[in-house]
Amino acid sequence: MQIRSSTRSRPVVLVTGGAGFLGSYLCERLLAAHCDVICVDNFYTGNADNVAHLRREPRFEVIRHDINFPLYVEVDAIFNLACPASPIHYQRDPVQTTKTNVQGAINMLGLAKRTGARILQASTSEVYGDPGVHPQSETYGGNVDVTGARACYDEGKRCAETLFFDYHRQHATEIKVARIFNTYGPRMHPGDGRVVSNFIRQALADEPITLYGQGNQTRSFCYVSDMIDGLLALMDAPALVTGPINLGNPYEITIRELAERVIALTGSRSALVHEPLPDRDPARRCPVIERARDALGWSPTIGLDEGLRLTIEDFRARLT
Ligand code: NAD
Ligand code: UDP
Ligand code: UDP
């Protein structure tokens, strides 16, 4: 990390949502980069077990806190990841999801403004909604259904981006906005309902693999270590690199093909079954990552089969 502190010997970095899937990896990498790390989490979808192995490290601190409430700590950089990410999680209490994205972002931006910290927002490909343009570049304005079941997340994240750019213009806050595309890997919660976790869990148990709709919809899956490299590179980039910047793996695959890959890699006897397509499920999703390549020198390095193998190994160790 290039983040410097003007007053402290080591930079202090806050990770909200630090006990979640992506947040826990970020905490690990920041500690390895000799930062002091404050992990803030209300454990709504995250889990203290995700960071249990870091607790021996004196430079690591966990605070149980909901970012919808003000937080006063002295920090040099903030990664704002707090927000449930899986559709079943963020739709369970949609009002809370919008609040976390909007009120939570205001609090973290207020904290950044007061401390002069640089702040990165974990935004999402969902700001593009069910995209009318394919693949999606940062200039595409998106096609989000304002009143649909996914809107609490999509519109919440869109409003958070607006807040980030307004704090930047109004208060000169140093911002970074990453639009994260589907990311997977070891340590995902096996019950989070996301497609990779569902399929691997089902395949390992030889249970039916649930294709929502016909399975012709596409996604582009990025392995977690590549995503963390991208987020760290963006945080380290010069101040004028604010984003929004797509981070994801442009290898696009149908959900049916994903199921077939998982079956092949696990040697499972699972059959494919069809279940109804969830409300407003985007038909296609694939990032254009030229901006990340140019501004950060970043592109993903782990292919889907390799990433799935590593994830399957981890699920096998935890579930069987
Ligand atoms: P996750 O659910 O594993 O982690 C989110 C963490 O935030 C959890 O630990 C949860 O307890 C915490 N949290 C939720 N609301 C909070 C609140 N009000 N106050 C404090 N903590 C709170 O999800 P993840 O996959 O690690 O995603 C992390 C971030 O990245 C999210 O903001 C998500 O929207 C974004 N993102 C993730 C993906 C992906 O594919 N994983 C894709 C796009 C965007
Ligand atoms: N805030 C915070 N920690 C801080 C500074 C501010 O949580 O260190 C919160 C504060 O509660 C406020 C929000 O961030 O409601 C926005 O702060 P800002 O200074 O932008 O606005 P104001 O205080 O004028 O509402
Ligand atoms: N999906 C599926 N079966 C499952 C879980 C998800 O077919 O058991 C589909 C879902 O309808 C979507 C895609 O897989 O089209 C990705 O779903 P996920 O919830 O992982 O993320 P999203 O990109 O929709 O936020």
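A residue is counted as near a molecule if its C-beta atom, placed from the backbone, lies within 6 Å of it. The exercises below concern a predicted model.

**Exercise 1. Describe the shell around ligand 3 and determine where ligand 3 lies with respect to domain 1 and domain 2.**

Step 1. The shell around ligand 3 has 14 residues, and the closest are Arg194, Val195, Asn198, Thr210 and Tyr212.

Step 2. Two elements, α5 and β8, each give two or more residues to this shell. The most come from β8, which supplies three residues.

Step 3. Sorted by class, the shell around ligand 3 holds six nonpolar, five polar and three charged residues.

Step 4. Both domain 1 (12-184 + 223-248 + 289-296) and domain 2 (195-218 + 251-286 + 304-319) contribute residues to the shell, so ligand 3 lies between them.

**Exercise 2. State which residues surround ligand 2, and classify them.**

Step 1. Pro70, Leu71, Tyr72, Ile106, Asn107, Gly110, Leu111, Lys113 and Arg114 surround ligand 2.

Step 2. Five of the residues in this shell are nonpolar, two are polar and two are charged.

**Exercise 3. Establish whether helix α5 is largely enclosed, and identify what its buried residues pack against.**

Step 1. A residue is buried if 20 or more other C-beta atoms lie within 10 Å of its own. In α5, the buried residues are Val195, Val196, Asn198, Phe199, Ile200, Gln202, Ala203 and Leu204.

Step 2. Helix α5 spans residues 195-204, and eight of its 10 residues are buried, so the helix is largely enclosed by the rest of the structure.

Step 3. The packing partners of these buried residues are β7 (183-184), β8 (209-212), α7 (255-266) and α9 (304-319).

**Exercise 4. Characterise the contact between domain 1 and domain 2, then locate the largest nonpolar core.**

Step 1. The C-alpha centres of the two domains are 26 Å apart. Domain 1 gives 15 residues to the contact and domain 2 gives 11 residues.

Step 2. On the side of domain 1 that touches domain 2, seven residues are nonpolar, five polar and three charged.

Step 3. The largest nonpolar core comprises 86 residues, and Ile78 and Leu231 have the most contacts inside it. Helix α6 (residues 224-236) provides the largest share of this core, seven residues.

Step 4. Because domain 1 and domain 2 both give residues to this core, it lies between them.

Step 5. Neighbours within four places in sequence being set aside, Leu231 is in contact with Leu26, Phe79, Leu120, Ala178 and Leu247.

**Exercise 5. Find the backbone features at Pro135, Pro244, Asp206 and Arg280, and place each in its loop.**

Step 1. Most residues other than glycine have a negative phi, and most peptide bonds are trans.

Step 2. The peptide bond from His134 to Pro135 is cis, with omega near -10°. Pro135 belongs to the loop between β5 (118-124) and α4 (151-171).

Step 3. Gly243 and Pro244 are also joined by a cis peptide bond, with omega about 0°. Pro244 sits in the loop between α6 and β11 (245-247).

Step 4. Asp206 has a positive phi, near 55°, and is located in the loop between α5 and β8. Because Asp206 has 12 C-beta neighbours inside 10 Å, this residue counts as exposed.

Step 5. For Arg280, phi is positive at about 60°; the residue occupies the loop between β13 (272-275) and α8 (290-296). With 16 other C-beta atoms within 10 Å, Arg280 is partly exposed.

Definitions and conventions: Residues numbered from 1 in each chain as written. Chains lettered and ligands numbered in written order. Predicted model: local features only at pLDDT ≥ 70, side-chain atom pairs only at ≥ 80, totals over all residues. Nonpolar A, V, L, I, M, F, W, Y, C, P; charged D, E, K, R; others polar. Helix = DSSP H or I, 4+ residues; strand = E, 2+ residues; numbered from the N terminus. Contact = placed C-beta atoms within 7 Å. Domains from an automatic or database assignment. Core = buried A, V, L, I, M, F, W, Y, C linked by C-beta atoms within 7 Å.
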